[in-house]
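This report walks through one protein chain, helix by helix, for a reader who is new to structures. Please keep the sequence and the model in view while reading.

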Amino acid sequence: MEKSPSSTETSQAPGPVGRAAWLREHSELGVSALLLVIGILVLTDALTMHVEIAQRGPVGPTTVPIVVGGALLLVAVLLAVDVLRGGRGEAEGGEDVDLSEPSDWRTVVLLAGVFLGNAVLIGPIGFPISGALLFWGSAYALGSRHFSRDPLIAAGLSLFTYFVFNNLLGVPLPGGPLMGVL
C-alpha cells in the first residue's frame, strides 16, 4: 500500500535555509554563548590572579570575580536550556520610542565627545574639573538648557564623587590644580 505525499510527514534535510531559520528562531543562543565566554574569561582571570597582599579572613580579592564568573556561567546554561526548550524572549514594546523617527546622531556624537574629552582632560586638569565638565556636557547633550543651574549641579556632583572615591573608598582620583585646595 502506497502512501500519498500529502498524508506523510515530510522532513526536509537541514540545509543552509533550514539551518538559518533554526538559528533565527533560536537567536538568544548567541547571548548565551557570549555570557559563557565572558564567564570563562572572568573565572580564568580570577583563578590565575596572583594575590600578594595579606588576606584577612576568607574573603579575598578573588572572591567577587569567582562569584560573578560562576553566576555568568550559570545564567548562560539556564538561558540555553530555556531557549532549547522553546522559551522566547518578549520583544521590547518601546513604550516611549517612536521607531519611525530617525536616530538622534547629534546627541550620540555630543555624548561621545564629552566622554572622550573627559578621558583626555582628567590627567592634566584633574577629576573635579573634568568631572564637572563631563556632568554638565552630558546634561547639555541630553537636552538640559539651564545654563545657570546645570554647571552648579555638575560641580557639586563632581566634588561629591571625588570626595566619595578619594576619601571614603580609598580610590585616588587625580586632583589636578585643585589638589592643594581639596
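Which exposed residues does the face of α3 turned away from its buried side carry? That face carries Val64, Val67, Leu74 and Leu78. Before looking further at this helix, it should be said that the model is predicted.

## The chain as a whole

The secondary structure of the chain comes to six helices and zero strands, so that, read from the N terminus on, the elements follow the order α-α-α-α-α-α. The chain has 182 residues, of which 21% count as buried. It exposes about 13700 Å², and carbon and sulfur atoms supply 67% of that area. Among the contacts between residues at least 6 apart in sequence, 58% join residues that are at least 24 apart.

## Helix α3 and its two faces

Helix α3 covers residues 63-84, and because each of its 22 residues should add 1.5 Å, a span of 32 Å is expected, which agrees with the 32 Å between its end C-alpha atoms. The buried residues in α3 are Gly69, Leu72, Ala76, Ala80 and Val83. These buried residues cover an arc of only 70 degrees around the axis, which means that they lie on the same side of α3. An α-helix has 3.6 residues a turn, so residues three or four places apart point the same way.

What lies over this buried side? The cover of the buried residues of α3 includes α2, which runs over residues 28-47. One pair of residues can be followed by eye: Ala33 is found in helix α2, and although Ala33 and Ala76 are 43 residues apart in sequence, their C-alpha atoms are 6.8 Å apart in space. Ala33 is partly exposed, with a relative accessible area of 40%, whereas Ala76 is among the buried residues of α3. Just after α3 comes Gly86, which takes a positive phi of about 110 degrees.

## Helix α5 and what packs against it

Helix α5, residues 127-141, has 15 residues and reaches 20 Å from its first C-alpha to its last, which is close to the 21 Å expected at 1.5 Å a residue. The buried residues of α5 are Phe127, Pro128, Ser130, Gly131, Ala132, Leu134, Gly137, Ser138 and Ala141, and they pack against α4 and α6. Gly143 follows α5, and its phi is positive, near 115 degrees.

Ser138 gives a closer view of this packing. With its neighbours within four places in sequence left aside, Ser138 is in contact with Leu111, Val114 and Phe115. In helix α6, which covers residues 150-168, lies Thr161. Leaving aside its own neighbours within four places in sequence, Thr161 is in contact with Phe127, Phe135 and Leu173. Ser138 counts as buried because its relative accessible area is 14%, and Thr161 counts as buried because its value is 17%; the cut-off for buried is under 20%.

## A nonpolar patch on the surface

Where the chain faces outward, Leu116, Val120, Leu121, Ile129 and Leu133 form a nonpolar patch, with about 420 Å² of accessible area together. Helix α4, residues 105-125, and helix α5 each supply at least two residues of this patch, and α4 gives the most, with three residues. One of the patch residues, Val120, has its place in helix α4, and Val120 counts as exposed because its relative accessibility is 55%, where exposed means over 50%.

## The salt bridge

How many salt bridges does the count come to? The count comes to one salt bridge. Side chains of opposite charge can pair when their charged atoms come close. Here Arg149 forms a salt bridge with Asp150, and the closest N and O atoms are 3.7 Å apart. Arg149 is partly exposed, at 41% relative accessible area, while Asp150 counts as buried, at 8%.

## Accessibility of selected residues

The table collects the residues whose relative accessible areas were discussed above.

| Residue | Relative accessible area | Class |
|---|---|---|
| Ala33 | 40% | partly exposed |
| Val120 | 55% | exposed |
| Ser138 | 14% | buried |
| Arg149 | 41% | partly exposed |
| Asp150 | 8% | buried |
| Thr161 | 17% | buried |

Note on methods:
Residues are numbered from 1 along each chain as its sequence is written. This is a predicted model: local features need pLDDT of at least 70, side-chain atom pairs count only at pLDDT 80 or more; totals for chains, interfaces and linings use all residues. Side-chain values use heavy atoms; hydrogens and water are left out. Helices (H or I, at least four residues) and strands (E, at least two) are DSSP runs, numbered from the N terminus. The expected span of a helix is 1.5 Å times one less than its number of residues. Buried means under 20% relative accessible area, exposed over 50%, partly exposed in between (1.4 Å probe, protein chains only). The arc is that of the directions from the helix axis to the C-beta atoms. Contact means heavy atoms within 4.5 Å. Accessible areas come from the Shrake-Rupley method with a 1.4 Å probe; for residues, only the protein chains shown count as cover. Patches are made of residues with over 30% relative accessible area and no salt bridge: like charges are joined within 9 Å, nonpolar side chains (Val, Leu, Ile, Met, Phe, Trp, Tyr) within 5 Å. A salt bridge is a side-chain nitrogen of Lys or Arg within 4 Å of a carboxyl oxygen of Asp or Glu.
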